[in-house]
Amino acid sequence: MFGSKKDVKLGIEDTINRLYKAFKPSADKYHYNFSLPELTVGGLPTIIFLGNHSSGKSTLINYLLGGTQVQDTGVAPTDDGFTIILYGEKDEDFYGPAALGRLTKEFANFNKFGPEFLQHLRVKYRKSDFLKKVNLIDSPGMIDTAGDNSTRSYNFPAVVRSFVELSNVVFYMFDPDKPGTTGETVEVLSKCLFGMEFKLRVLLNKCDTFENMYDFARSYGALCWNLSRVLKFKDLPKIYTTFTPNDTTRVSTQIDLNWFEKHRAELLNLIYTAEDRKTDSVIAAASADFTQLYIRVLVILAASKKLFVGRAKGWCLTFLTAGILFLLELWGYKALTGLGITGPFSYKLFLFWLLAVVLVAGSFWIGAIFIKLAQKKSRARMVLGIDKLFEDSFAESLSYGDRGDLRQYWSVIKPETILIIKNTKHLPIFGWGLKARLERVIYVQLKESMEKLRRNAQK
Ligand SMILES: Nc1nc2c(ncn2[C@@H]2O[C@H](COP(=O)(O)OP(=O)(O)OP(=O)(O)O)[C@@H](O)[C@H]2O)c(=O)[nH]1
Ligand SMILES: [Mg+2]
């Protein structure tokens, strides 16, 4: 059905889009929001620029856009928000909710980050041929606030993670002054990129500022050292050593710039061919999404199974207690009156049945209260030992040691899962069909799509 290379990619994107739509009701049932709610099939690739403040993100973007001053640049921290730069017939800027309204379906979930985040969102349309090939995202520079987000009024790592998920190439820029040491950089590199490592390209920028080779080697070494401490990947990502030229670069520079120019050419080539990498990043994002949903489903099912067993035990005990009380009453009645309970109406018989109803109803009433309290306690215990619930659900995969990423996915969905277990009155009990369908998506359909893409690339 699909012939050309492009058709194969569109076919894969279309399949993934249909998977997202098909699983939306199940995801809703488990309170899971897909990071990519819907795909724009055949949409442009997106490139995001992350990095320390003043590392040269905005300057590079302006350079790519033909030297126009689309983004403000400056030595002090300049950008405090995310700017999405798209192609438009006329120059237009949008801010906040209006900006969100201009974006594609991929961004539909971004309002979950709240109004504070939306105040830091901008969309710029520019008439540049470059933007006919890619969408660009400029980001606020990282600052020194590891461990707390007090200087940002929104959940910065979560926002970065979402942008990374929908981007196809992630440029992480460093400058010689701060080769990977700011707190937020460490946090973002270690927490926000798992599963997306293949999109990452590191840029050691401003190479024109080195005084000599020794100076360069020191910075490069420091960057590698810092990266190796925070990145959990097996291999160091590719590092481009480059700079963005301006009118005075050549005049003020003391080091041979030719090699850095060569690296910039490679970098530009990567950007121009981002289209080729778009579909594999879409598959990776879908894989992350469906894996997270899968973990959510399994943990919730394990929790609801425990609660169900607790409830079943409680009701069995209640029935037993009510039965025993009834039999005791019957025995006492017979011993005291010598009468049966099926004879003609008498006030004694009436009292017997009245007491029987009180005993049985009372047992059920007290039983129901006990079950409710026990369930509450059981939920609280489960929340405290939530990691065990996860570890037990994935004991086999984790013991083989080949799915270490499962723990990272779990860390993303854990806080919300805790809230769901704590507060949702009726947790789904039957979901084994969904489990099997998700396994098919993750282990068969998405794997096959990746394989198809690989074969297609070799054609
Ligand atoms: N020498 C040299 N200076 C550069 C280079 N790239 C950017 N600069 C300068 O570095 C300063 C910061 O650049 P920006 O582009 O504003 O940096 P940014 O990463 O966008 O900074 P924030 O928006 O604050 O995160 C500006 O004064 C630029 O002129 C480069 O490759 N070489
Ligand atoms: Mg900037």
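A residue counts as near a molecule if its C-beta atom, placed from the backbone, lies within 6 Å of it. With that in mind, welcome to a predicted model, shown here in four close-up views.

**View 1. The surroundings of ligand 1 involve 22 residues.** Among these neighbours, G56, S58, T59, T73 and G141 are the closest to ligand 1. Helix 2, covering residues 57–64, supplies the largest share of this shell, with three residues. Look at the kinds of residue around ligand 1 and you will find 14 polar, four charged and four nonpolar.

**View 2. The protein chain is divided into two parts, domain 1 and domain 2.** Domain 1 takes in 44–272, while domain 2 takes in 295–458. Between the C-alpha centres of domain 1 and domain 2 there are 48 Å.

**View 3. Helix 10 runs from residue 274 to residue 337.** How far should its 64 residues span? At 1.5 Å a residue, the expected value is 94 Å, and the end C-alpha atoms of helix 10 are 92 Å apart, which agrees. Just after helix 10 comes G338, with a positive phi near 70 degrees.

**View 4. Helix 11 (residues 347–384) packs with helix 14 (residues 405–423).** Their axes are 9 Å apart and form an angle of about 170 degrees. Angles over 145 degrees count as roughly antiparallel, and helix 11 and helix 14 are therefore roughly antiparallel to each other. On the helix 11 side, R379, M382 and V383 take part in the meeting, and I418, I421 and K422 do so from helix 14. This contact of helix 11 with helix 14 contains four nonpolar residues, two charged ones and no polar ones.

Definitions and conventions. Residues numbered from 1 in each chain as written. Chains lettered and ligands numbered in written order. Predicted model: local features only at pLDDT ≥ 70, side-chain atom pairs only at ≥ 80, totals over all residues. Helix = DSSP H or I, 4+ residues; strand = E, 2+ residues; numbered from the N terminus. Nonpolar A, V, L, I, M, F, W, Y, C, P; charged D, E, K, R; others polar. Axes fitted to C-alpha atoms, helices over the stretch in contact; angles between N-to-C directions. Parallel < 35°, antiparallel > 145°, perpendicular 65-115°, else oblique. Contact = placed C-beta atoms within 7 Å. Domains from an automatic or database assignment. Expected span 1.5 Å × (residues − 1).
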